[in-house]
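Visitor: I am new to this structure. Could you take me through one chain closely, and then show me how its partner compares in outline?

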Amino acid sequence: MAWHVSVYVTLKPSVMDPQGATVQRALNQMGYKAVTDVRVGKFTELEFEAGLSEADVKKQADEICDKLLANPNIESYRFTVEKK
Amino acid sequence: MRFSVPVFPGSNCDHDCEYVLRNVENQSVEMIWHKDTDLKNPDCVVVPGGFSYGDYLRTGAIARFSPVMKSVADFAAKGGLVIGICNGFQILCEAGLLPGALLRNKNLKFICQSVYLRTEETNTPFTNACKPHQVLKIPIAHGEGNYFIDADGLKKLKDNHQIVVRYCDSEGKLTPESNPNGSLENIAGICNVNRNVFGLMPHPDRSGEDILGSHDGNYIWKSILWTKVGVQ
C-alpha cells in the first residue's frame with residue numbers, strides 16, 4: 001500500500017496553447033467537427049510512503065506543484081490522492 | 001572585468017559566452033559548474049543558453065534549483081549584474097528573478113535565424129552603449145521563446161520601463177511579421193525593476209564578429225563593460 005497522487009497541470013485559460021490549437025485543427029480535419037477546443041497539459045504520477053497521513057500527502061503535493069510541477073505564471077494544477 | 005558563466009548539464013552556449021568575452025572582449029571568464037556555489041567574485045554573471053536538464057518539465061524549471069542559482073539570486077539581490085541568454089532567460093524567469101514566462105513558439109517550430117531588435121530602453125547597464133531605438137541584428141535559436149505575462153504584469157513592465165528589446169523589422173518597425181515566436185507585444189528581452197538583471201531570447205554571445213553574420217551583440221557586452229569599468 002502506498003499513497004498514489006495523480007497531478008494534472010494545464011495552461012491557464014488566458015494563456016495561448018498553440019499545441020492544443022494544432023491538435024484541434026487535426027481532429028477537425030479527421031472529421032471530429034464537434035471538437036471545439038483542445039488544451040494540452042501534463043500528467044504526473046507521484047508515489048508517497050504509506051506511513052504519511054492523507055493531510056500530509058496533500059500538503060506535500062501542494063508544495064511540489066507550487067515549487068516545481070507547475071509554473072503559477074502560466075499554469076494551474078489539480079490532483080487526486082488515493083491509497084493503492 | 002570578471003565574468004562568471006554557470007554551466008548546467010545540457011548548457012550548450014556556455015562556450016559561446018566564454019569565447020566572445022575572452023577572445024573578442026578580452027575579459028576574464030570563470031566557468032562555474034552548477035553544483036558549485038562559489039561564483040568566484042564576478043562583476044557580472046552570464047547565464048548561458050542551451051537545454052539545461054534536457055528542457056524536462058519546462059525550460060529552466062529544474063536548473064533554477066541547482067545550487068549555483070541560489071548564489072546567483074544572492075548576487076542579484078545585492079545589485080550584481082546578471083544577464084540570461086535564451087535558456088538563461090528561461091531559467092531567470094523560472095527562478096523568479098524576472099517576471100513572466102517563455103511559452104512554446106506560436107508556430108510550434110524551433111526557430112534558428114537572425115532577427116532585428118529595437119532597443120526600447122538605453123537606461124540599463126546592458127544597453128547603455130546603444131542609441132534610443134537602435135536596431136540590432138542578433139540571432140535567435142529556440143523552440144520556447146514566446147514571452148507571456150498577464151495583464152497586470154505587462155502594465156508593471158511598462159510603468160517601470162522594463163521592456164528592453166523588442167522584435168522589429170530591419171527599419172525598426174514593430175510588425176507582426178517581425179515577431180518570430182508570438183511573444184506578447186514583440187517582447188524579446190526584459191529587465192527587473194532594479195535594472196541589474198536582464199534576460200533576452202536572442203544571442204549576443206553568437207553575434208560578436210562579422211564572420212558570424214553580425215557584430216551587434218557587442219553593443220550588449222560594451223554596455224556592461226562601460227557600466228562597470230567606464231570604457232566603451
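Guide: Here is a walk through chain B, followed by a shorter look at chain A. Keep in mind that this is a predicted model.

Start with the overall build of chain B. Its secondary structure comes to five helices and eleven strands. The C-alpha trace spans about 45 × 40 × 35 Å along its principal axes. For 232 residues, a compact globule would have a radius of gyration near 17 Å. Chain B has 16 Å, which agrees.

Now look at how chain B is packed. Of its 232 residues, 59% count as buried. Take the contacts in chain B with a separation of 6 or more. Residues 24 or more positions apart account for 76% of them. The exposed surface of chain B is about 9,400 Å², and carbon and sulfur atoms supply 50% of it. Charge comes next. Chain B carries 23 positive and 25 negative side chains. The centres of these two sets lie 3 Å apart.

Go to helix H1 of chain B, residues 14-24. Its buried residues are Asp14(B), Cys17(B), Glu18(B), Val20(B) and Leu21(B). What covers them? The cover includes four strands of chain B, namely E1 (2-7), E2 (28-33), E3 (44-47) and E4. Helix H5 (218-229) of chain B is also part of that cover. Just after H1(B) comes Asn26(B), with a positive phi of about 55°.

Follow the chain to strand E4, residues 81-85 of chain B. A loop joins E4 to helix H3, and Cys86(B) lies in that loop. The phi of Cys86(B) is near 60°, a positive value in a residue other than glycine. Is Cys86(B) buried or exposed? Cys86(B) is buried, because its relative accessible area is 5% and the cut-off for buried is under 20%.

Helix H3 of chain B follows, at residues 87-94. This helix is mostly covered: eight of its eight residues are buried. They run from Asn87(B), Gly88(B), Phe89(B) and Gln90(B) to Ile91(B), Leu92(B), Cys93(B) and Glu94(B). After H3(B) comes Gly96(B), whose phi is positive, near 80°.

Move on to the loop between strand E10 (187-191) and strand E11 (197-200) of chain B. Arg195(B) lies there. Its phi is near 70°, again a positive value in a residue other than glycine. Arg195(B) is buried, with a relative accessible area of 14%.

Past E11, the loop leading to H5 of chain B holds His203(B). At 0% relative accessibility, His203(B) counts as buried. Its side chain makes a polar contact of 3.0 Å with the side chain of Asp205(B). What else does His203(B) touch, leaving aside neighbours within four places in sequence? Its contacts are Cys13(B), Gly49(B), Ile85(B), Cys86(B), Ile138(B), Pro139(B), Ile140(B) and Ala141(B). Cys86(B), from the loop before H3, is thus met again here.

Now turn to the partner. Chain A has two helices and three strands. Along the sequence they follow the pattern β-α-β-α-β. The radius of gyration of chain A is 16 Å, well over the 12 Å that the globule rule gives for 84 residues, so chain A is more spread out than a compact globule. Its C-alpha trace spans about 50 × 30 × 15 Å along the principal axes.

Of the 84 residues of chain A, 32% count as buried. Its accessible surface comes to about 5,300 Å², with 54% belonging to carbon and sulfur atoms. Chain A has 11 positive and 12 negative side chains, and the centres of the two sets lie 7 Å apart.

Two residues of chain A deserve a stop. Ala55(A) sits in helix H2, residues 54-69. At 58% relative accessibility, Ala55(A) counts as exposed. Its C-alpha atom is separated by 42 Å from that of Arg25(A), 30 residues apart along the chain.

Glu75(A) sits in strand E3 of chain A, residues 75-83. At 8% relative accessibility, Glu75(A) counts as buried. Here the walk returns to chain B. The side chain of Glu75(A) makes a polar contact of 3.5 Å with the side chain of Arg58(B). Within chain A, residues that Glu75(A) touches include Val9(A), Thr10(A), Leu11(A) and Lys12(A).

Definitions and conventions: Residues numbered from 1 in each chain as written. Chains lettered and ligands numbered in written order. Heavy atoms only, no water. Rg over C-alpha atoms; globule rule 2.2 N^0.38 Å. Buried < 20%, exposed > 50% of the residue type's maximum accessible area, 1.4 Å probe, protein only. Contact = heavy atoms within 4.5 Å. Areas by Shrake-Rupley, 256 points an atom, 1.4 Å probe, with all protein chains shown as cover. Lys, Arg positive; Asp, Glu negative; His and termini not counted. Charge placed at Lys NZ, Arg CZ, Asp CG, Glu CD. Polar contact = N/O pair within 3.5 Å; in protein donor to acceptor, adjacent residues only side chain to side chain.
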